[in-house]
Amino acid sequence: MSIKTPQPVRGTQDIFGPEADAFAHVVETFERVRRLYRFRRVEMPVFERTEVFSRSLGETTDVVSKEMYSFEDRGGESLTLRPEFTAGIARAFLTDGWKQYAPLKVATHGPLFRYERPQKGRYRQFHQIDAEVIGAAEPQADVELLAMADQLLCELGIADGVTLNLNTLGDADSRDAWRAALVEHFRGVKDELSEDSQERLEKNPLRILDSKDERDRRFVADAPQIDRFLSSEAQDFFASVTGGLDAAGVAWTRNAALVRGLDYYRHTAFEFVTDRLGAQGTVLGGGRYDGLMESLGGPATPAVGWAAGIERLAMLVGAQAEAPSDACVVVEDDALLTRGTAMVTAIRRAGFTAELVATGSPRKRFDKAVKGGALTLFALSQGEDGATVRTKGDADLLARIGQAIGHPA
RNA sequence: GCGAUUGUAGCUCAGUUGGUUAGAGCGCCGGUUUGUGGUACCGGAGGUCGCGGGUUCAAACCCCGUCAAUCGCCCCA
């Protein structure tokens, strides 16, 4: 009587009907494209020891302290629901000896969990597709990965209005020098920056570059560029990536303000961005993370990868109209229910999609079936001279189904 | 963590300056009509107006709190 129905957990979603079909379409397209590029499928655990993520992300960041779903299991072990794929795959590469397969191209997809405030295209349980190349130091790996991403977006039909923003963070030395120059630059005008950016100056100065505040934008425009600090090796690497993209016919735009917060990122950083999703414009993002394996206690191992939110891709794809049923069997007289059951089963076994309508007022069942939108109808009714089957719909399909189930159309 | 907006039937929404028994469309259930037929009509079920206080003779409506959703900020692996 007074039992309260449990409400869904904040930030979770129940995906249904056309939206669920759009979701499935994204995953199916990803699976197909990933095979074209010969990326191998991996299935990963949904949870890991907390260190897998805390070591790779850095112990002190907000990300680790506030935005992970962590809990203790019965043995007192701290575990965490995966907030990303990369760290878990890197762990598996080390613990499962996948080095023997290097360079290893893998792809996966599934749910991820982040304790964040939900908003458009952002949920606490969300879903990503993911692709990684581990053990490949060459810029060709970056190019292949980006070409695959580009092809995926094209095949999903959402490439229009989506642009590939590309940047390089250089190697570790380049990056450190650039960072120091940025801090110096912004410290000079600290009082004129937004409150948020004054904080960022201490915690995460690179983030000032993509501040949305007008007060910051003026100073971002003439901030020092990474290019001035790139070693010649880093310049060569980036030139190879852009050259490869041009050769592959992948359009890109240089975005010198595109950064990554974590130190393990090196060289290539990229995001496919759209203006059609409000504040959550990044549709697919990734980069080269040559420094990650060492933070997990492994040997220096170059790697590059990307991930994309399935929900966001599905929103761009748009709700998919559900395919109509090939046939609908209508039982207009309850005496014919067994016959209707036999017929609908036969149709399905013959490989046609079919629905059975046999409930509610018999007189209204036919209308209900028509509204259901099936391509053909088989209506069973009891007349003066016994049971009759009336049909309606696409003549060719009626004939094929009729033949398959041994019933003349 | 912060801000804005929104919470009325299963869904989409009306609801006047606060005023009697809170409505419509769709959907659902039943009946009549039609009988190769997506029609039309009649009827029915379904709401503690998110929740809790307050103001008032009287609150869906005004005030406070709270919860939730949406969008944005922060953050973004």
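Helices and strands are runs of residues assigned by DSSP and numbered from the N terminus. With that convention, Lys212 can be placed in the loop between α7 and α8 (214-221). The model on display is predicted.

**Stop 1: Lys212**

Select Lys212 and show its side chain. Is this residue buried or exposed? Lys212 is exposed, because its relative accessible area is 68% and a residue counts as exposed over 50%. Leaving aside neighbours within four places in sequence, Lys212 is in contact with Arg217 and Ala279. Next, select Lys4 together with Lys212. These two residues are 208 residues apart along the chain, and their C-alpha atoms are separated by 43 Å.

**Stop 2: RNA strand B**

Lys212 also leads to the next selection, since it is listed among the closest residues to RNA strand B. Display the strand and the protein residues around it. How many residues surround RNA strand B? There are 34, and the closest are Arg200, Arg207, Lys212, Arg363 and Phe366. Of the atoms of RNA strand B that come within 4 Å of the protein, sugar and phosphate account for 48%.

Colour the surface near the strand by residue class. It has 19 charged, 8 nonpolar and 7 polar residues. Then colour by secondary structure. The elements α7 (195-203), α13 (362-371) and β15 (386-393) each supply at least two residues of this surface. Which of them gives the most? That element is α13, with 7 residues.

Three side chains may now be selected in turn, each with a different part of the strand to look for:

- Glu84: a polar atom of its side chain lies 2.7 Å from a sugar or linking oxygen of RNA strand B.
- Arg117: an N or O atom in its side chain is 3.2 Å from a base nitrogen of RNA strand B.
- Asn204: an N or O atom in its side chain is 3.2 Å from a phosphate oxygen of RNA strand B.

**Stop 3: the largest cavity**

Keep Glu84 selected, for this residue also helps to line the largest cavity. The structure holds 1 cavity of 30 Å³ or more. About 50 Å³ of space lies in the largest cavity. To outline it, select Met44, Pro45, Glu48, Phe53, Arg82, Glu84, Phe85, Gly88 and Ile89. By class, this lining comprises 5 nonpolar, 1 polar and 3 charged residues.

**Stop 4: the second largest pocket**

Move now to the second largest pocket, which has a volume of about 190 Å³. Its lining consists of Gln13, Ile15, Glu19, Ala22, Phe23, Tyr123, Glu311, Ala314, Met315, Gly318 and Ala319. Which helices each supply at least two residues of this lining? They are α1 (17-36) and α11 (310-317). In terms of class, 7 of the lining residues are nonpolar, 2 are polar and 2 are charged.

**Stop 5: Asn167**

Finish by selecting Asn167, in strand β7 (residues 162-168). Why does Asn167 count as buried? Its relative accessibility is 0%, and buried means under 20%.

Show the surroundings of this residue. The side chain of Asn167 makes a polar contact with the side chain of Arg254, at 2.9 Å. A polar atom of the Asn167 side chain also lies 3.4 Å from the backbone oxygen of Asn255. Not counting residues up to four places away in sequence, Asn167 touches Ile226, Phe238, Arg254, Asn255, Ala256, Ala257, Leu258, His267, Thr268 and Ala269.

Notes: Residues are numbered from 1 along each chain as its sequence is written. Chains are lettered from A and ligands numbered from 1 in the order in which they are written. This is a predicted model: local features need pLDDT of at least 70, side-chain atom pairs count only at pLDDT 80 or more; totals for chains, interfaces and linings use all residues. Side-chain values use heavy atoms; hydrogens and water are left out. On a 1 Å grid over the protein atoms alone, a cavity is a set of points where a 1.4 Å probe fits but cannot get out, and a pocket is an open set with protein on both sides within 12 Å along at least five of seven lines; lining residues have an atom within 4 Å of a point. Grid points are joined across faces, edges and corners, and a volume is the space filled by probe spheres set on the points. Helices (H or I, at least four residues) and strands (E, at least two) are DSSP runs, numbered from the N terminus. Ala, Val, Leu, Ile, Met, Phe, Trp, Tyr, Cys and Pro count as nonpolar, Asp, Glu, Lys and Arg as charged, and the others, Gly among them, as polar. A residue is near a molecule or strand if one of its heavy atoms lies within 4 Å of it. A polar contact is a pair of N or O atoms within 3.5 Å; within protein, one must be able to donate a hydrogen and the other to accept it, and residues adjacent in sequence count only if both atoms are side-chain atoms. Buried means under 20% relative accessible area, exposed over 50%, partly exposed in between (1.4 Å probe, protein chains only). Contact means heavy atoms within 4.5 Å.
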